[in-house]
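Please load the model in a viewer and keep the selection tool at hand. The tour proceeds by short stops, each with something to select and a note on what is found there.

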Amino acid sequence: MLQTNKIHYELDCDKINADFDVFKITRTTNSYMGTAKIIDGALEDYHSIAVNYQQGNSFLILIKKGSISEYQFRKNVQYFCASQNIESEFKITQVNINDLASNGKKDDELQVMQLLLNSLSNAKNEKKHYQNLTGMLLYQHESWVRKNDMHFLRIQIDGESMLQTNVVTFSKLSALKKYHVNVDKKARYILDEGTNRLRRKLSDDVSEDEQTYIEKPISKKHKNTVDFIDFQDQSSFYRTKMGITLRFLEDVEKYLSSYVKLRVEKIPSYKNVQVSHQLQLSEDDYKQWIQGQQIQLIDAVGNSQSGNLADYIQGFFLTAYGTSLNLGSENQESNGLTIKIIHNRDYYENSGIPDPHQIENSDQQVIQHVTIEDFKLKNEEFDTKKGKDARLTKIIQELWIKQDIKQNHLTIVEWSSFSFENDLYFAYREFLNRRPVYYEMQIQQTGAFSIKKLESIDSAAYQIETKLNSFDKHSFDYNIEGLVYTKNDSGEIQNSAIIRKSSQYTIPALTAIKTILRSPIAGSKLNKTHLLELLDSFYADVTETEFDEVTAKKILSGTNDAKSKITDSHDEVITLNDYRVFCGQSLFATRFRWYIFDEEEIVVNHHIRNESFRGNLLQSLTDIRYYNEGDAICYFVGVKGKGMQSKIPRAATIRKIYPDLLDGRDTEILKLLPLLSATFVRNGQYTVLPFPFKYLREFINTNGNNSEGFGESIG
């Protein structure tokens, strides 16, 4: 069963009304000046427990019942505004939660819930790790406080009832000034001496730049990130988004269960996407392709660092693929493939030298840039035993794709093997100055293809725009990532499917992972009699499941073997890890370990990264899976299950395919999903969109019309 970040909730409005007063402050002037300061001031001066601000011109304040009258509350706000020279005018009203939460407006109901959730910042003893700044609920791990900044994870239920976790950074003013960051109109915060928590700096506060914080990262290079999950150990787990999410859900249950109940959505049924083996390129595939190419290497920088990098690349190709690269000069053109060593974009921007990224190449050239600032050599050598460097493999993948585009033919895969009945079209829309521009790729059954930018007067552009606008009423849905379709003999689009990125993502079985991480494996012990009873109940449960005869016999044999060994033991307390029958990889052992974990929360010789763990707890983070929801086919792309690391940096976002015809789900539409298993787009991992969209993006980058510049670099 899968879980997602979609939250189902129940509010007890009567209980909230009985225990709390809620005030609504609404700005009645057009000026925004002072609004945020009032929101933060509410936590300091108004006896409030929590503040919630989403958007617009009003916010809610939660106060313990009877702690202050409406009259006194209004006077306090007026006094605060006067003391801080806030000239904006505000209307203050007391709100009945029942009226607000039951008025039929989901946004108001969600505001009430978020207001309650924000009160968690006052429910804990470790107050410095929980903040409610500017209406946000901020969680923090102690390791996120650093010399020049501190960062938090904002917990928010968005308008679609999705639990979102976003990193918020507060940097010291002294560090921001050092990096020449413009902070003129940014709010100032200081660490309160009494609570050791950040609060808004008021007009009468005196603090040096070293004690003043601003909500802004120091620079792009100093941008803080939080990994999605790390199950290496318990400490690592609680430094991740999923560790904080579990902490949050447990806090809600502990402190707010009288007022609100939360549960994550469960997807009971899903299917696995069949991986296309021809899309899993091997080193032998790369070697065979490279040996048929003429590749030149150009050092366009010409210093010692770039010289070392050139030697490194040359050595890699010679050792890994038995191919020596031709050394070329910067002004030398080639009809073959070129790897060019250059600086990164920042260097050219700061020096005023023309940026090679933005210089169009001739139609005959296929160039892949490598930037010396971003390509860090590790002791100036690669793993000669394995002959691998993922960064250089990425260079090869990019060159291969660019050459396919030059030749207008897919050679990286055998397209005909996918058995599409017609030519398939992939369309991509980007916005330039809020104006849509369309690109279309047509792939024939032979693998020959064409890519073109569609002019606004083109009938194909009009058809694509019509299709997207029928789905996207506002014409600016940036989450629409592509359109796939066929055409009839008249050139009209048919059998189309829109691919849209949602704000929903999958989450693993957090409580079970927590239990495993904290369980002392070496101490997995059970009373002998109880263990024998568990073996009997295990086999009884297993036999109720439909197994083939061979599988059933294997499980029965393993169960009887285990019972025999335990019965013969002279120990009344059994240490399960001492018995090979429980620790091996037999069908009985793997199933019984999970059975005993479910029944007793005991971990037996369980390697958290092995296949059994992935299969039972990480279905939501691994491989490619899909399910039906209403008129959409939902899918997500996780990490490749085999060989996965303990750390997963990003969530597996759920994307939705909206087909024209619902009866087409099980035919042509589902044939798109194996195209996600290509490992040459994200270098060893699956790709989140069918791989032809990579060709479209590369065409756009290479041929201009991209506000971010042309071409890609490897660093």
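What does the accessible surface of the protein chain come to, and what percentage belongs to carbon and sulfur atoms? In this predicted model, the accessible surface is about 34900 Å², and 44% of that area belongs to carbon and sulfur atoms.

**The whole chain**

Begin with the entire protein chain in a cartoon representation, where 20 helices and 31 strands can be traced. The chain has 715 residues, of which 52% count as buried. Among contacts with a separation of 6 or more, 69% are made by residues 24 or more positions apart.

**The seven-stranded sheet**

Next, select β6, β7, β8, β9, β12, β10 and β11; in that order they form an open sheet of seven strands with antiparallel pairing. The edges are held by β6 (130-131) and β11 (198-200), each of which has a single partner strand, so one side of each is left without a neighbour in the sheet. In general, strands of a sheet pair through backbone hydrogen bonds.

Narrow the selection to β7 (residues 137-139) and β8 (residues 149-157), an antiparallel pair joined by three bridges. Leu137 has Ile155 of β8 as its bridge partner.

Now add α5 (residues 106-118), a helix that lies across β7 and β8 and runs at about 140 degrees to β8. Then add α8 (residues 241-255), which also packs on the sheet: this helix touches β6, β7, β8 and β9 (163-172), and its direction makes about 120 degrees with that of β7.

**Two helices in detail**

Remain with α8 and display its end C-alpha atoms. They are 21 Å apart, in agreement with the 21 Å that 15 residues should span at 1.5 Å a residue. Which residues of α8 are buried? They are Lys241, Met242, Gly243, Ile244, Thr245, Leu246, Arg247, Phe248, Asp251 and Val252.

Move on to α18 (residues 587-600), a helix of 14 residues. The distance from its first C-alpha to its last is 20 Å, close to the 20 Å expected at 1.5 Å a residue. Showing side chains here brings up the buried residues of α18, including Phe588, Phe592, Trp594, Tyr595 and Phe597. Arg593 is also among the buried residues of this helix.

**A residue in α13**

Select Gln463, which is placed in helix α13 (residues 459-471). Is Gln463 buried or exposed? With a relative accessible area of 19%, Gln463 counts as buried, because the limit for that class is under 20%. Setting aside neighbours within four places in sequence, the contacts of Gln463 are with Gly491, Glu492 and Ile493.

**Salt bridges**

The structure holds 20 salt bridges, and several of them deserve a stop. In general, side chains of opposite charge can pair when their charged atoms come close.

Select Arg199 and Asp205, whose side chains meet in a salt bridge at 2.8 Å, N to O. Both partners can be checked for exposure: Asp205 is buried at 19% relative accessible area, and Arg199 is buried at 13%.

Continue to Asp389 and Arg391, another salt bridge, with the closest N and O atoms 3.0 Å apart. Asp389 and Arg391 are both buried.

A third pair is Glu629 and Lys656, which meet at 2.7 Å, N to O. Glu629 lies in strand β27 (residues 624-629) and Lys656 in strand β30 (residues 653-659), so this salt bridge ties together parts that are 27 residues apart in sequence. Here Glu629 is partly exposed at 31% relative accessibility, whereas Lys656 is buried at 13%.

To end this section, select Lys394, Glu398, Lys402, Lys694 and Glu698, which are linked in a network of salt bridges.

**Two residues with positive phi**

Most residues other than glycine have a negative phi. Which phi value does Asp623 have? Its phi is positive, at about 60 degrees, although Asp623 is not a glycine. Asp623 is found in the loop between α19 (611-617) and β27, and at 27% relative accessibility it is partly exposed.

Finish at Asn683, another non-glycine residue with a positive phi, here near 55 degrees. Asn683 sits in the loop between β30 and α20 (692-703) and counts as partly exposed, at 24% relative accessibility.

Note on methods:
Residues are numbered from 1 along each chain as its sequence is written. This is a predicted model: local features need pLDDT of at least 70, side-chain atom pairs count only at pLDDT 80 or more; totals for chains, interfaces and linings use all residues. Side-chain values use heavy atoms; hydrogens and water are left out. Helices (H or I, at least four residues) and strands (E, at least two) are DSSP runs, numbered from the N terminus. The expected span of a helix is 1.5 Å times one less than its number of residues. Buried means under 20% relative accessible area, exposed over 50%, partly exposed in between (1.4 Å probe, protein chains only). Two strands pair if DSSP finds at least two bridges between them. Contact means heavy atoms within 4.5 Å. Axes are lines fitted to C-alpha atoms, for helices over the stretch in contact, and angles run from 0 to 180 degrees between N-to-C directions. Accessible areas come from the Shrake-Rupley method with a 1.4 Å probe; for residues, only the protein chains shown count as cover. A salt bridge is a side-chain nitrogen of Lys or Arg within 4 Å of a carboxyl oxygen of Asp or Glu.
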